[in-house]
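Subject: Handing over a structure

Dear colleague,

I am passing on a structure that you have not worked with before, together with some notes on what was found in it. Please have the sequence and the 3D view open as you read.

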Amino acid sequence: MNRNRYFMIGVLLILLGVQFRMVDSFVLNEQTTRTMAKMSKKSNVVAQDSFSNFLMQVHPKPTKRVHPPRWLGLAMIAVGTVVSLHAIAMPRE
């Protein structure tokens, strides 16, 4: 890989890290939620309490909310910075 690709990977990691730092959670669509449920071998996608049953009548599509850890964004920013600085320090070809 050349210098430009390393720099681009570093910039993308920095931008993804900023994205992960700014959001609190992601809501997956119905198809992704069902795929994750099949992969994790869980039979229930949604809890079976009364409030969930009420919500299923109003909004019948099951979705999953993913809360990424707070350290993930900072780690991606740090790795992206190191990769970008490494790309700048590489000799030109």
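In what follows, two residues are said to be in contact when heavy atoms of theirs lie within 4.5 Å. Please also keep in mind that this is a predicted model.

With that meaning of contact, a good place to begin is Ser25, which sits in the loop between α1 and β1, the strand of residues 26–27. If neighbours within four places in sequence are left aside, Ser25 is in contact with Arg65, Val66, His67 and Pro68. One of these, Arg65, is also linked to Ser25 through the side chains, which are joined by a polar contact of 3.0 Å. Ser25 has a relative accessible area of 18%, and because buried means under 20%, this residue counts as buried.

As for the chain as a whole, its secondary structure comes to four helices and two strands, and from the N terminus on these elements run in the order α-β-α-α-β-α. Of the 93 residues in the chain, 16% are buried. When contacts between residues at least 6 apart in sequence are considered, 88% of them join residues that are at least 24 apart. The accessible surface of the chain comes to about 7,500 Å², and carbon and sulfur atoms account for 63% of that surface.

On the surface, Phe7, Leu85 and Ile88 make a nonpolar patch of about 290 Å². Phe7, which belongs to helix α1 (residues 3–22), has a relative accessible area of 38% and is therefore partly exposed, as this value falls between the 20% limit for buried and the 50% limit for exposed.

Turning to charged side chains, those of opposite charge can pair when their charged atoms come close. In this model the count comes to one salt bridge, and the pair concerned is Arg34 and Glu30, whose closest N and O atoms are 3.0 Å apart. Both residues lie in helix α2 (residues 30–39), where they are four residues apart, or about one turn of the helix. Arg34 is partly exposed at 39% relative accessibility, and Glu30, with a relative accessible area of 27%, is likewise partly exposed.

When you open the model, you could start from Ser25 and its contact with Arg65, then move to the patch that includes Phe7, and end with the salt bridge between Arg34 and Glu30.

With best wishes

Note on methods. Residues numbered from 1 in each chain as written. Predicted model: local features only at pLDDT ≥ 70, side-chain atom pairs only at ≥ 80, totals over all residues. Heavy atoms only, no water. Patch = residues over 30% accessible without salt bridge, like charges linked within 9 Å, V, L, I, M, F, W, Y side chains within 5 Å. Areas by Shrake-Rupley, 256 points an atom, 1.4 Å probe, with all protein chains shown as cover. Salt bridge = Lys/Arg side-chain N within 4 Å of Asp/Glu carboxyl O. Buried < 20%, exposed > 50% of the residue type's maximum accessible area, 1.4 Å probe, protein only. Polar contact = N/O pair within 3.5 Å; in protein donor to acceptor, adjacent residues only side chain to side chain.
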